[in-house]
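Trainee: Please choose one loop in this model and take me through it closely. After that, I would like to hear about the rest of the chain, one part leading to the next.

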Amino acid sequence: MKKYTVTSPANIAFIKYWGRSDHKLFIPANSNISMNLSSCLTTTTACLTDSKEDEVLVRFHNQKYQKLSPKDHKSKALFAQIKRIRKLSKYNKKVKIYSQNNFPADAGIASSASSFSALTSVLLLTYELKDLFNNKKELSKQIRLCGSGSAVRSCMDGFVKFKTGKDHDSSFATQIADHNHWDLIDIVAIVDDKKKKVSSSLGHELAETSSFFNQRIKDISKRMKACEKAILEKDLKKLGEITEEDCLSMISVMMTSKPSVIYWNEGSISLINSVYSWRENDNLPVYFSFDAGANAHLITEKKYQTKVLNKLKKNPFIKSTIINNVDKGTRITNKHLF
Ligand code: PMV
């Protein structure tokens with residue numbers, strides 16, 4: 001039976017998605033913007049099988065393959081997406097899937113973005129729903145239905161916007177600029193490579209319990225416009241300021257939700273202070289962002305990479321770094337995993 005393999009990047013959001021307006025259709029409470037990360041990739045191979053069960057094996061960074069069970073709560077969204085896509089197709093055959101990540105999962109490096117965009121894409125190809133795969137807007141809507149909003153942004157090249165909307169048809173991804181547009185980089189500074197304690201799907205449900213949530217949503221449309229403009233004009237200072245502002249606004253919502261969600265550790269705080277000091281004292285234009293995790297994303301231009309890496313070497317909290325250029329979106333490869 002025909003085998004397909006796709007690779008998908010994770011991404012870092014400049015305007016974050018935290019909270020939903022529709023928890024069934026997974027429509028984000030606000031539109032959001034990101035860039036794809038060239039060194040944080042998931043590769044997934046799939047083919048139809050005569051087996052009685054779907055078979056899913058996943059290998060995280062530096063680990064062995066583990067078989068996922070549909071009974072495990074954490075794999076619910078994945079098996080639901082398989083079932084949903086199978087129903088759209090003319091097949092009722094089960095599927096065999098192997099997937100691997102080349103970066104630490106669940107540490108605030110949007111592993112769900114690369115995993116779910118790769119999974120959805122490979123399923124659409126395997127179940128011969130190629131029209132849905134080839135049409136990026138449709139693909140992004142199919143990815144949204146798996147529950148990971150950040151995954152929606154990974155299917156297109158470069159800098160991508162995920163529009164909120166009022167229903168299934170009006171909430172999808174669009175491209176702002178492709179991966180060749182700007183030599184921006186994201187250096188991920190890993191200060192904690194363990195699994196995060198609160199999943200982002202739970203976080204999205206808690207977001208509205210924060211009294212800052214409505215104010216955040218009100219502020220966002222202005223930030224969205226400014227962010228898109230900064231990307232198109234390659235204005236690092238403007239993009240960096242908006243990114244930090246939006247990140248801190250999301251973190252405030254996280255910290256003040258009930259119960260409170262705190263992902264940062266002392267390494268995260270030390271990096272924020274360092275970034276402020278490098279800008280002020282060393283004239284080094286680098287800006288921070290965090291997702292649902294302790295690890296910092298340091299946004300700058302390629303020409304400042306060596307300087308930033310040299311500075312990072314002096315920080316005792318950093319376990320490793322991952323250097324990302326702006327990447328393409330989901331793509332088909334022939335590097336099958338089985
Ligand atoms: O895509 P999810 O459901 O894992 O949520 C992602 C949330 C953040 O990474 C914190 C923000 C974002 O927009 O990427």
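Mentor: Happy to! To place a loop we need its flanking elements: helices and strands here are DSSP runs, at least four residues for a helix (H or I) and at least two for a strand (E), numbered from the N terminus. The model is a predicted one.

The loop I have picked runs between β5 (55–59) and β6 (66–67), and Asn62 lies in it. The backbone is the reason to stop here: Asn62 has a positive phi of about 60°, although it is not a glycine. Is Asn62 buried or exposed? Its relative accessibility is 73%, and the cut-off for exposed is over 50%, so Asn62 counts as exposed.

Now step back into the strand before this loop. Leu57, Val58 and Arg59 are among the residues in contact with Ser99, leaving aside the neighbours of Ser99 within four places in sequence. The same list for Ser99 also holds Thr42, Thr43, Thr44, Tyr65 and Leu337. Ser99 itself sits in strand β7 (residues 94–101). With a relative accessible area of 9%, and buried meaning under 20%, Ser99 is therefore buried. Sequence distance tells you little about this spot: Ser99 and Thr5 are 94 residues apart along the chain, with 9.3 Å between their C-alpha atoms.

The backbone angle of Asn62 has a companion further along. Lys234 also shows a positive phi, about 50°, and it is not a glycine either. Lys234 is found in the loop between α7 (213–232) and α8. Its relative accessible area is 42%, so Lys234 is partly exposed. Past the other end of α8, the loop between α8 and α9 (266–282) holds Pro259. There, the peptide bond from Lys258 to Pro259 is cis, with omega near 0°.

Helix α8 brings us to charged side chains. Side chains of opposite charge can pair when their charged atoms come close. Glu241 and Lys237 form a salt bridge, with 3.0 Å between the closest N and O atoms. Why can these two meet along the helix? They are 4 residues apart in α8 (residues 236–256), which means about one helical turn separates them. Glu241 is partly exposed at a relative accessible area of 33%, whereas Lys237 counts as exposed at 52%. Elsewhere, Arg216, Arg223, Glu245 and Asp246 are joined into one network by salt bridges that share partners.

A second charged site is in helix α4, and Lys141 takes part in two of its pairs. In one of them, the side chains of Glu138 and Lys141 meet in a salt bridge at 3.2 Å, N to O. Both belong to α4 (residues 136–144) and are 3 residues apart, so about one helical turn lies between them. Glu138 counts as partly exposed, at 23% relative accessibility. Lys141, by contrast, counts as buried, at 3%. In the other pair, Asp169 forms a salt bridge with Lys141, the closest N and O atoms being 2.9 Å apart. Asp169 lies in the loop between β8 (159–162) and β9 (173–177) while Lys141 is in α4, so this pair ties together parts that are 28 residues apart in sequence. Asp169 is exposed, with a relative accessible area of 51%. A search of the whole structure finds 16 salt bridges.

Finally, the chain as a whole. It has 10 helices and 14 strands. A compact globule of 338 residues would have a radius of gyration near 20 Å; the chain has 19 Å, which agrees. Along its principal axes, the C-alpha trace spans about 65 × 40 × 40 Å. Buried residues make up 57% of the 338 residues. Among contacts between residues at least 6 apart in sequence, 76% join residues at least 24 apart. The chain exposes about 15000 Å², and carbon and sulfur atoms supply 50% of that. As for charge, there are 54 positive and 34 negative charges, and their mean positions are 4 Å apart.

Note on methods:
Residues numbered from 1 in each chain as written. Predicted model: local features only at pLDDT ≥ 70, side-chain atom pairs only at ≥ 80, totals over all residues. Heavy atoms only, no water. Buried < 20%, exposed > 50% of the residue type's maximum accessible area, 1.4 Å probe, protein only. Contact = heavy atoms within 4.5 Å. Salt bridge = Lys/Arg side-chain N within 4 Å of Asp/Glu carboxyl O. Rg over C-alpha atoms; globule rule 2.2 N^0.38 Å. Areas by Shrake-Rupley, 256 points an atom, 1.4 Å probe, with all protein chains shown as cover. Lys, Arg positive; Asp, Glu negative; His and termini not counted. Charge placed at Lys NZ, Arg CZ, Asp CG, Glu CD.
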